[in-house]
Amino acid sequence: MRKALLIGLIVCLVAIGGIGAAFATGMNFNAGVGSLSTGIGTVPQVNVSQINWGPDDLTYDPLSDEPTLTRVWLHFDQDLNQGTGIVISLYNAAGALIADTLSNLPAALAAGGTYQGPNFAIPPAVSQIYYIRVTVFEGAGP
């Protein structure tokens, strides 16, 4: 009985090791067969070097007489290609999203050039904005 269990255990270990070795080796695809991901590349960090609003981007809510933000202007520290996606998200003190925009660059933007984000659908009150997150992406997006 012990001998049979020991042999069974050894067979299981060899089988599991063989499966692991098969998955650990490289898989060569024939021509015309696609894969989800191939190659190696680095993703450059794009930083915002300046953020502000233009002279026409502060409006006043007639009910509260409080200034609201229509859109944000950004300057980046790197060149951005045509089609690059940019998401601008505004958050309140609790970290809740209060407004955001998504757009793609219609033309290349040189480092330091001014990017005027699209108008927020509902301009948030300036007093509610505590955090601004800018996401830059190429491809399908976040």
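**Figure 1. Leu80 is a buried residue, with a relative accessibility of 5%.** The model shown here and in the following views is predicted. Leu80 lies in the loop between E4 and E5. Apart from residues up to four places away in sequence, Leu80 touches Val46, Ile86, Leu105, Ala108, Leu109 and Val136. For one of these residues, Ala108, the C-alpha atom is separated from that of Leu80 by 5.7 Å, while the two residues stand 28 residues apart along the chain.

**Figure 2. Overall arrangement of the protein chain, with one helix and eight strands.** In sequence order, the elements follow the pattern α-β-β-β-β-β-β-β-β. The protein chain contains 142 residues, of which 23% are buried. Among contacts with a separation of 6 or more, 63% join residues that are 24 or more positions apart. The exposed area of the chain is about 10,200 Å², and carbon and sulfur atoms supply 60% of this area.

**Figure 3. The largest nonpolar core of the model comprises 14 residues.** Leu74, Phe76, Ile86, Ile88, Leu90, Tyr115 and Phe120 are the members with the most contacts inside this core. Two elements, strand E4 (73-76) and strand E5 (85-91), give two or more residues to the core. E5 makes the largest contribution, with three residues.

**Figure 4. Surroundings of Phe76, a buried residue with 1% relative accessibility.** Which residues are in contact with Phe76, leaving aside its neighbours within four places in sequence? The contacts include Val46, Asn47, Val48 and Ser49. Ile86, Leu109, Ala111, Gly112, Gly113 and Tyr115 are also among them, and Val134 and Val136 complete the list. Phe76 is also among the residues with the most contacts inside the largest nonpolar core.

**Figure 5. The aromatic pair of the model, formed by Phe76 and Tyr115.** The count of aromatic pairs comes to one. Because the ring planes of Phe76 and Tyr115 meet at 50°, the pair is classed as tilted, a class that lies between stacked (under 30 degrees) and edge-to-face (over 60). The ring centres are 6.4 Å apart. The pair links distant parts of the chain, since Phe76 belongs to strand E4 and Tyr115 to strand E7 (residues 114-116), 39 residues apart. Tyr115 is buried, with a relative accessible area of 7%, and Phe76 is buried at 1%.

**Figure 6. Ser103 in strand E6 (residues 97-104).** Is Ser103 buried or exposed? Ser103 counts as buried because its relative accessibility of 16% falls under the 20% limit for burial. Beyond its neighbours within four places in sequence, Ser103 is in contact with Thr84, Gly85, Ile86, Tyr115 and Pro118. The C-alpha atoms of Ser103 and Ile86 are separated by 5.5 Å, and these residues lie 17 residues apart along the chain.

**Figure 7. A nonpolar patch on the surface, formed by Val48, Ile51 and Ile132.** Together, these three residues have about 210 Å² of accessible area. Val48 is located in strand E1 (residues 48-52). With a relative accessible area of 33%, Val48 is partly exposed. Val48 is also one of the residues in contact with Phe76, which is itself buried.

Methods: Residues numbered from 1 in each chain as written. Predicted model: local features only at pLDDT ≥ 70, side-chain atom pairs only at ≥ 80, totals over all residues. Heavy atoms only, no water. Core = buried A, V, L, I, M, F, W, Y, C linked by side-chain atoms within 4.5 Å. Buried < 20%, exposed > 50% of the residue type's maximum accessible area, 1.4 Å probe, protein only. Helix = DSSP H or I, 4+ residues; strand = E, 2+ residues; numbered from the N terminus. Contact = heavy atoms within 4.5 Å. Patch = residues over 30% accessible without salt bridge, like charges linked within 9 Å, V, L, I, M, F, W, Y side chains within 5 Å. Areas by Shrake-Rupley, 256 points an atom, 1.4 Å probe, with all protein chains shown as cover. Salt bridge = Lys/Arg side-chain N within 4 Å of Asp/Glu carboxyl O. Phe/Tyr/Trp six-rings, centres within 6.5 Å; stacked < 30°, edge-to-face > 60°.
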